[in-house]
Amino acid sequence: MSECLNGGAFVTERYVRVFAPTGMETVRVCPDCPDMLREKGGVREAKSSRQ
């Protein structure tokens, strides 16, 4: 079972396979992260709340 490194939320192995950077076994940001976003191959802080 994998967890998001930012918020600790559960992510599926399939999600990790698609969105984790090469060489990582988990993701840095998941859809449940309210304060971080994936953008252009990187991760950045959200400019506004996603809640």
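## Surface and overall fold

The accessible surface of the protein chain is about 4000 Å², and carbon and sulfur atoms account for 49% of that area. The model is predicted. The chain has 51 residues, of which 29% are buried.

One helix and four strands form the secondary structure of the protein chain. Read from the N terminus, the order of these elements is β-β-α-β-β. Of the contacts between residues at least 6 apart in sequence, 14% link residues at least 24 apart.

## Nonpolar core

The largest nonpolar core has 10 residues: Cys 4, Ala 9, Val 11, Tyr 15, Val 16, Ala 20, Val 27, Val 29, Cys 30 and Cys 33. In soluble globular proteins, nonpolar side chains tend to be buried together.

Cys 4 is one of the members of this core. With neighbours within four places in sequence set aside, Cys 4 has contacts to Ala 9, Val 11, Thr 26, Val 27, Arg 28, Val 29, Cys 30 and Cys 33.

## Aromatic pair in the helix

There is one aromatic pair in the structure. Tyr 15 and Phe 19 form this pair, which is tilted, with 4.6 Å from centre to centre and 40° between the planes. The angle is classed as tilted because it is neither under 30 degrees, the range for stacked, nor over 60, the range for edge-to-face.

Both residues of the pair belong to helix H1, which covers residues 13–19. Tyr 15 and Phe 19 are four residues apart, about one turn of the helix. Tyr 15 has a relative accessibility of 16% and therefore counts as buried, the cut-off for buried being under 20%. Phe 19, at 38% relative accessibility, counts as partly exposed. Tyr 15 also belongs to the largest nonpolar core.

## Ser 2 and its surroundings

Ser 2 is part of strand E1, residues 2–3. Its relative accessibility is 7%, so Ser 2 counts as buried. The side chains of Ser 2 and Glu 13 are joined by a polar contact of 3.1 Å.

Not counting residues up to four places away in sequence, Ser 2 touches Ala 9, Phe 10, Val 11, Glu 13, Val 16, Glu 25 and Thr 26. Ala 9, Val 11 and Val 16 are among the members of the largest nonpolar core. Ala 9, Val 11 and Thr 26 are also among the contacts of Cys 4.

Key. Residues numbered from 1 in each chain as written. Predicted model: local features only at pLDDT ≥ 70, side-chain atom pairs only at ≥ 80, totals over all residues. Heavy atoms only, no water. Core = buried A, V, L, I, M, F, W, Y, C linked by side-chain atoms within 4.5 Å. Buried < 20%, exposed > 50% of the residue type's maximum accessible area, 1.4 Å probe, protein only. Contact = heavy atoms within 4.5 Å. Helix = DSSP H or I, 4+ residues; strand = E, 2+ residues; numbered from the N terminus. Areas by Shrake-Rupley, 256 points an atom, 1.4 Å probe, with all protein chains shown as cover. Phe/Tyr/Trp six-rings, centres within 6.5 Å; stacked < 30°, edge-to-face > 60°. Polar contact = N/O pair within 3.5 Å; in protein donor to acceptor, adjacent residues only side chain to side chain.
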